[in-house]
Amino acid sequence: MKNKLVAMMFGAALVLGACGGGDNANDSGNGNGETAAVDADKVFQKSCATCHGGNLEGRGNAPALANIGSELSEEEIHDIIQNGQGGMPGGLIQGEELDAVTKWLAEKK
């Protein structure tokens with residue numbers, strides 16, 4: 001009886017594990033041509049916070065970005081991130097991440 005219970009639990013774990021999919025199940029899209037949402041803050045923290053600060057406060061020669069949306073348009077922010085400016089190299093983030101971070105920063109006013 002004990003062996004049957006163990007076998008049944010093991011089988012259930014395999015079935016449930018195969019159906020789970022986890023957090024990455026839909027990273028490439030939802031089947032409708034739309035892509036999963038990008039967490040702009042997470043991208044910023046990974047790619048930009050080292051120089052601009054985790055709270056957008058700026059560090060050293062990197063400017064503060066807490067109010068950047070009131071200083072630059074969304075297009076100007078996009079251009080700077082894409083092409084670089086001053087000591088900042090271009091292309092640090094690209095594609096959907098670039099678009100998401102640009103929009104997120106443009107909202108900082």
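## Notes on a predicted helical model

Asn-67 sits in the loop between H3 and H4. Let's start there, bearing in mind that this is a predicted model. Asn-67 is partly exposed, its relative accessible area being 40%. Setting aside neighbours up to four places off in sequence, Asn-67 has contacts with Lys-108 and Lys-109. There is a C-alpha pairing to look at here too: Asn-67 and Ala-106 are separated by 39 residues in sequence, while their C-alpha atoms lie 8.5 Å apart in space.

### The overall layout

Stepping back, the protein has 6 helices and 2 strands. Their order along the sequence reads α-α-α-α-α-β-β-α. Of its 109 residues, 23% count as buried. As for how contacts are spread along the sequence, take those between residues at least 6 apart: 49% of them join residues at least 24 apart.

### The loop after H3

Back to the loop that holds Asn-67. Leu-56 belongs to this stretch too, between H3 and helix H4 (68-71). Its backbone is worth a look: phi is near 65° for Leu-56, a positive value in a residue that isn't glycine. Is Leu-56 buried or exposed? With a relative accessible area of 9%, Leu-56 is buried, because the cut-off for that label is under 20%.

Just before the loop comes His-52, which is part of helix H3 (residues 49-52). His-52 is buried as well, with a relative accessible area of 10%. Where does the side chain of His-52 reach? It gets to the backbone oxygen of Pro-63, at 2.9 Å. His-52 also has a good list of contacts beyond its neighbours within four places in sequence: Phe-44, Glu-57, Gly-58, Ala-62, Pro-63, Leu-65 and Met-88. So Pro-63 turns up twice for His-52, once as a contact within 4.5 Å and once as the residue whose backbone oxygen the side chain reaches.

### Helix H6 and what it meets

Now for H6, which spans residues 95-106 and includes Thr-102. At 2% relative accessibility, Thr-102 counts as buried. The Thr-102 side chain reaches back to the backbone oxygen of Leu-98, at 2.7 Å. Leaving out residues up to four places away in sequence, Thr-102 touches Glu-74, Ile-77, His-78 and Ile-81.

Asp-99 is in H6 too, but Asp-99 counts as partly exposed, at 45% relative accessibility. Between Asp-99 and Gln-82 there are 9.8 Å from C-alpha to C-alpha, for a separation of 17 residues in sequence.

H6 also packs against another helix. H2 (residues 40-47) and H6 have axes that come within 9 Å and cross at roughly 100°. How are the two helices oriented, then? They're roughly perpendicular to each other, because 65 to 115 degrees is the range for that label. On the H2 side, the residues involved are Ala-40, Asp-41, Val-43, Phe-44 and Lys-46, and they meet Glu-97, Ala-100, Val-101 and Trp-104 of H6. By type, the residues of this contact split into 6 nonpolar, no polar and 3 charged. Phe-44 links this contact with the earlier part of the story: it meets H6 here, and it is among the contacts of His-52.

### Salt bridges

How many salt bridges are there? The count comes to 2. Side chains of opposite charge can pair when their charged atoms come close. Here are both pairs, with the distance between N and O and the accessibility of each partner.

| Pair | N to O distance | Relative accessible area |
|---|---|---|
| Glu-57 and Arg-59 | 3.8 Å | Glu-57 40%, Arg-59 43% |
| Glu-107 and Lys-103 | 3.7 Å | Glu-107 53%, Lys-103 47% |

In the Glu-57 pair, Glu-57 is partly exposed, and Arg-59 is partly exposed as well. In the other pair, Glu-107 is exposed, whereas Lys-103 counts as partly exposed. Glu-57 ties back to H3 too, since it is one of the contacts of buried His-52.

Terms used: Residues are numbered from 1 along each chain as its sequence is written. This is a predicted model: local features need pLDDT of at least 70, side-chain atom pairs count only at pLDDT 80 or more; totals for chains, interfaces and linings use all residues. Side-chain values use heavy atoms; hydrogens and water are left out. Helices (H or I, at least four residues) and strands (E, at least two) are DSSP runs, numbered from the N terminus. Buried means under 20% relative accessible area, exposed over 50%, partly exposed in between (1.4 Å probe, protein chains only). A polar contact is a pair of N or O atoms within 3.5 Å; within protein, one must be able to donate a hydrogen and the other to accept it, and residues adjacent in sequence count only if both atoms are side-chain atoms. Axes are lines fitted to C-alpha atoms, for helices over the stretch in contact, and angles run from 0 to 180 degrees between N-to-C directions. Angles under 35 degrees count as roughly parallel, over 145 as roughly antiparallel, 65 to 115 as roughly perpendicular and the rest as oblique. Ala, Val, Leu, Ile, Met, Phe, Trp, Tyr, Cys and Pro count as nonpolar, Asp, Glu, Lys and Arg as charged, and the others, Gly among them, as polar. A salt bridge is a side-chain nitrogen of Lys or Arg within 4 Å of a carboxyl oxygen of Asp or Glu.
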